[in-house]
Amino acid sequence: MTAPLLLDLSHTSHTRARTGIQRVARSLHESLGVRAVPICHDPYLGAWRELEPWEQANLTAEGAASAHRGARWPFGAKFRGRLRRVLGIGAGLPAATRHLPSAEGVLVPEIFSPAVAAALPALLAAAAGPRAALFHDAIALKLPELTPTKTVARFPAYLHELLQFDGIAAVSEDSRDALVDYWRWLGLAHTPPVEVIPLGIDSPPPPSEGKVSPASFQLPVILCVGSLEGRKNHLALLDACERLWSAGTKFELRLIGLAHPQTGRAALERIKELQAAGRLLRYDGAVDDETLETAYAGCSFTVYPSLMEGFGLPVLESVARGKPCVCSARGALGESARGGGCIALPSVDAGSLAGALARLLATPHAWAALAVGARSRSFKTTGEYADELLEWLRTLPRRDSRRTVPART
């Protein structure tokens, strides 16, 4: 098959935020190149269409990351869509997406909104090739108390809408098991196959070969990269660091990541309290790629205190740069940590985190052993991930989603 793949970027093409899923979507767009045609559902046109130049620019923009997660449409784009809809220009699938009749397939890497979900059946029915979606995690089901309320309310419908695809590519074993178990719990038969295809990472700069340790830095810096939200467990990390600061341990904690307005509020307030008390705590919010690389280069090691992830990119990105990482040993994070270079904790409570951080700060040989383990690992690149995903997609047979019914009555 030589016709391009249709890549749905309905959300990512309308924001410059760089949360995990948006980074995955952007990397797929870049890695697939001419093998994929990026498309979106235009709610003002009321149809699917290929991306316009301003949307393409959102995917490739460099510079500071946006502080807003949501999709944004400029007035001109809204007006054009509504006008074309009134005039009947490009309001049908073939006209809006000229590649559709011969497309190799459809790939949806995002968690789609209710509006996009309502438009998906028409796209999937018209596509000639297999239809697949990425599945990132079931955190909204497992940790609803730490998940935005709108996400929790929406999630069961989203998991049911995944049934209309020919296959699902789960980013980790843990994510695959969560989805399959949920469908089994519902008593569904003839569900799509769920394949585990772990994500790749962007090729990092080569790690320094010099003999460095936390003690080599004038002031050790512990870096934490990840959005501030409930399940990321920053409150436990801040408590752990306060215990060490109170005990006289000298280090700086640097936090990078976009704060969620609902579940990240408590962490933001705690950060301000600690800064007001004179603690060595820096919070940068969302940053550009250059700033992030500089932060990795300047840190002694990293910590990723998250309670649960679908994959855990920051763990692998840290280790790929030769920087040891303290993280959870559970679920997908344990999968990322198992290759070496990490202190994987059975529990990421404040006490356990404080103990692990103190050990790395005070014990150079423990740090050195982890750094050696990190440098000995090899990693799948984003390009290799895109190739693997495309090869798998080509093997998928078309299935009749109408056969997905409850197994028991």
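**Exercises on a pocket, salt bridges and a surface patch**

The second largest pocket has a lining of 18 residues, with Pro198, Phe311, Leu316, Glu335 and Ser336 nearest its centre. The model is predicted: local features need pLDDT of at least 70, side-chain atom pairs count only at pLDDT 80 or more, and totals for chains, interfaces and linings use all residues. Residues are numbered from 1 along each chain as its sequence is written, and side-chain values use heavy atoms, with hydrogens and water left out.

**Exercise 1.** Describe the volume and lining of the second largest pocket.

Solution. Start with the term: on a 1 Å grid over the protein atoms alone, a pocket is an open set of points with protein on both sides within 12 Å along at least five of seven lines, and lining residues have an atom within 4 Å of a point. The space in this pocket is about 260 Å³. Next, sort the lining: nine residues are nonpolar, four polar and five charged. Finally, helix H13 (residues 331–337) gives the largest share, three residues. Helices are DSSP runs (H or I) of at least four residues, and strands (E) of at least two, numbered from the N terminus.

**Exercise 2.** Find which parts of the chain are tied together by the salt bridge between aspartate 166 and arginine 131.

Solution. A salt bridge needs a side-chain nitrogen of Lys or Arg within 4 Å of a carboxyl oxygen of Asp or Glu. For aspartate 166 and arginine 131 the N to O distance is 2.4 Å. Aspartate 166 lies in the loop between helix H7 (149–161) and strand E6 (167–170), and arginine 131 in strand E5 (residues 131–135), so the pair ties together parts that are 35 residues apart in sequence. Then check burial (under 20% relative accessible area is buried, over 50% exposed, in between partly exposed; 1.4 Å probe, protein chains only). Aspartate 166 is buried at 1%, and arginine 131 is buried at 6%.

**Exercise 3.** Describe the salt bridge between arginine 270 and glutamate 273 and the exposure of each residue.

Solution. The closest N and O atoms are 3.2 Å apart. Both residues sit in helix H10, three residues apart, about one turn of the helix. Arginine 270 is partly exposed at 25%, and glutamate 273 is partly exposed at 47%. Lysine 272 is also in helix H10 (residues 265–276); at 60% relative accessibility, lysine 272 counts as exposed.

**Exercise 4.** Place leucine 83 in its helix and give its exposure.

Solution. Leucine 83 belongs to helix H3 (residues 75–87). Its relative accessibility is 41%, so leucine 83 counts as partly exposed.

Methods:
On a 1 Å grid over the protein atoms alone, a cavity is a set of points where a 1.4 Å probe fits but cannot get out, and a pocket is an open set with protein on both sides within 12 Å along at least five of seven lines; lining residues have an atom within 4 Å of a point. Grid points are joined across faces, edges and corners, and a volume is the space filled by probe spheres set on the points. Ala, Val, Leu, Ile, Met, Phe, Trp, Tyr, Cys and Pro count as nonpolar, Asp, Glu, Lys and Arg as charged, and the others, Gly among them, as polar.
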